[in-house]
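Subject: Handover of a protein structure

Dear colleague,

Please find the structure below, passed on to you for your own study. A summary of what was found in it follows.

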Amino acid sequence: LELLVKCGCTDDEVRLVRLLLSNTKLRVNVNGTMSVEFQSFLGAFQGDCLSGCLFTLVLAGALCDLRALLAIELDRPLLPITDSGFPLDTEYADDVDFNDEDEENLRILLPLATEVLNDWNLFVNEDKTDFTHVCLAKASEKDENGKKLAGNESWRKSITLGSMLCSKEDITRRICLGYSASTNTTRHGARRYLSRRDSFCMKHS
C-alpha cells in the first residue's frame, strides 16, 4: 500500500485496494483434495484482475531496491541501461533477466537479488537460474564433435522471457507449437462434429 502512495494514488484508491485485499481467504488443492479454508495476510494473489497489477507493482519496487544495491556493489548504473543503450535487466510477468559483459558479475548478483527480493516476499529459485553466454562464433570455430559453431551457438536455443534468443529458432519453434495446437483443435472439432451428427441421427431414427 505504501507503494501505491509513492506512485501517486489518492487516499480513496488506497482505501479501495485495502478493502479488496482484506479478509482474503484461500484453500489449497493437493492431489485433488481441498484443504480447509484459511485467511492469508501476505502477498498478492492470483485469480482476479487486481492481482497482476499489484504483483507488477511489488516486483517493480523490489527491483528499484536491488538496482540501488547493485549500483553500490557492482557499480552498475541506477537506471538499468548503459551509455550505449544496452539493457542491463529485462522483465516480463514474473521472469527477470540480468545482462552483463562479465559472467562473474552476474554470479555475484544472484545471491544479492535473492536476498533483496526475499525482503519483499518474492522468492528466487536459484536452481532454475541459467547463465547464458551470448556470442558469435568465428567461421573457423568448431565444437567438440567437429561441428561448425557459427550459426549453431548454444545460446540460439536458450529461452528468455518466453522467447528464444535466436529469432530464426524462435519462429521455427512457434510454427511447430502453432501447428500442434491447430492439429489438436481440428481433431477436437472433428470429434465434436461427429458426436453432434450421431446425436442428430439418433433423434431422427
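I begin with the cavity: R67, L70, R76, P77, L78, L79, P80, L88 and D89 line the largest cavity. Please keep in mind throughout that this is a predicted model. The volume of the largest cavity is about 60 Å³, and the structure holds 1 cavity of 30 Å³ or more. Sorted by class, its lining has 6 nonpolar and 3 charged residues, with no polar ones.

Which residues line the second largest pocket? They are L74, D75, R76, P77, T82, S84, F86, L88, D100, E101 and N105. This pocket has a volume of about 170 Å³. Its lining consists of 4 nonpolar, 3 polar and 4 charged residues. R76, P77 and L88 appear in this list, and they also appear in the lining of the largest cavity.

Next, the general layout. The protein has 5 helices and 8 strands. Read from the N terminus, the order of its elements is α-α-β-β-β-β-α-β-β-α-β-β-α. Of the 205 residues in the protein, 19% are buried. The accessible surface is about 15800 Å², and carbon and sulfur atoms account for 55% of that surface. Among the contacts with a separation of 6 or more, 35% join residues that are 24 or more positions apart.

The interior deserves a careful look. The largest nonpolar core has 12 residues: L59, A62, L63, L66, L70, L74, L109, L112, A113, V116, L117 and L122. Two or more residues of this core come from each of α3 (49-73) and α4 (103-119). A second core, separate from this one, has 6 residues, including L3, V14, L54 and L57.

Two residues of the largest core can be followed elsewhere in the model. L70 is one of the residues that line the largest cavity. L74 is part of the lining of the second largest pocket. Leaving aside residues up to four places away in sequence, L74 touches N105, I108 and L109. Of these, N105 also lines the second largest pocket, and L109 also belongs to the largest core.

Three residues in loops may be worth finding on your screen. The residue D75 is located in the loop between α3 and β5 (89-92). Is D75 buried or exposed? D75 counts as exposed because its relative accessibility is 67%, and the cut-off for exposed is over 50%. Its phi is near 55 degrees, which is a positive value in a residue other than glycine. D75 also takes part in the lining of the second largest pocket.

N121 likewise has a positive phi, about 60 degrees, although N121 is not a glycine. N121 is placed in the loop between α4 and β7 (159-160). With a relative accessible area of 38%, N121 is partly exposed.

The third residue, S22, sits in the loop between α2 (11-21) and β1 (25-26). S22 is partly exposed because its relative accessibility is 38%. Along the chain, S22 and S40 are 18 residues apart, and their C-alpha atoms are separated by 9.0 Å.

With kind regards

Definitions and conventions:
Residues are numbered from 1 along each chain as its sequence is written. This is a predicted model: local features need pLDDT of at least 70, side-chain atom pairs count only at pLDDT 80 or more; totals for chains, interfaces and linings use all residues. Side-chain values use heavy atoms; hydrogens and water are left out. A nonpolar core is a set of buried Ala, Val, Leu, Ile, Met, Phe, Trp, Tyr and Cys residues joined through side-chain atoms within 4.5 Å. Buried means under 20% relative accessible area, exposed over 50%, partly exposed in between (1.4 Å probe, protein chains only). Helices (H or I, at least four residues) and strands (E, at least two) are DSSP runs, numbered from the N terminus. Contact means heavy atoms within 4.5 Å. Accessible areas come from the Shrake-Rupley method with a 1.4 Å probe; for residues, only the protein chains shown count as cover. On a 1 Å grid over the protein atoms alone, a cavity is a set of points where a 1.4 Å probe fits but cannot get out, and a pocket is an open set with protein on both sides within 12 Å along at least five of seven lines; lining residues have an atom within 4 Å of a point. Grid points are joined across faces, edges and corners, and a volume is the space filled by probe spheres set on the points. Ala, Val, Leu, Ile, Met, Phe, Trp, Tyr, Cys and Pro count as nonpolar, Asp, Glu, Lys and Arg as charged, and the others, Gly among them, as polar.
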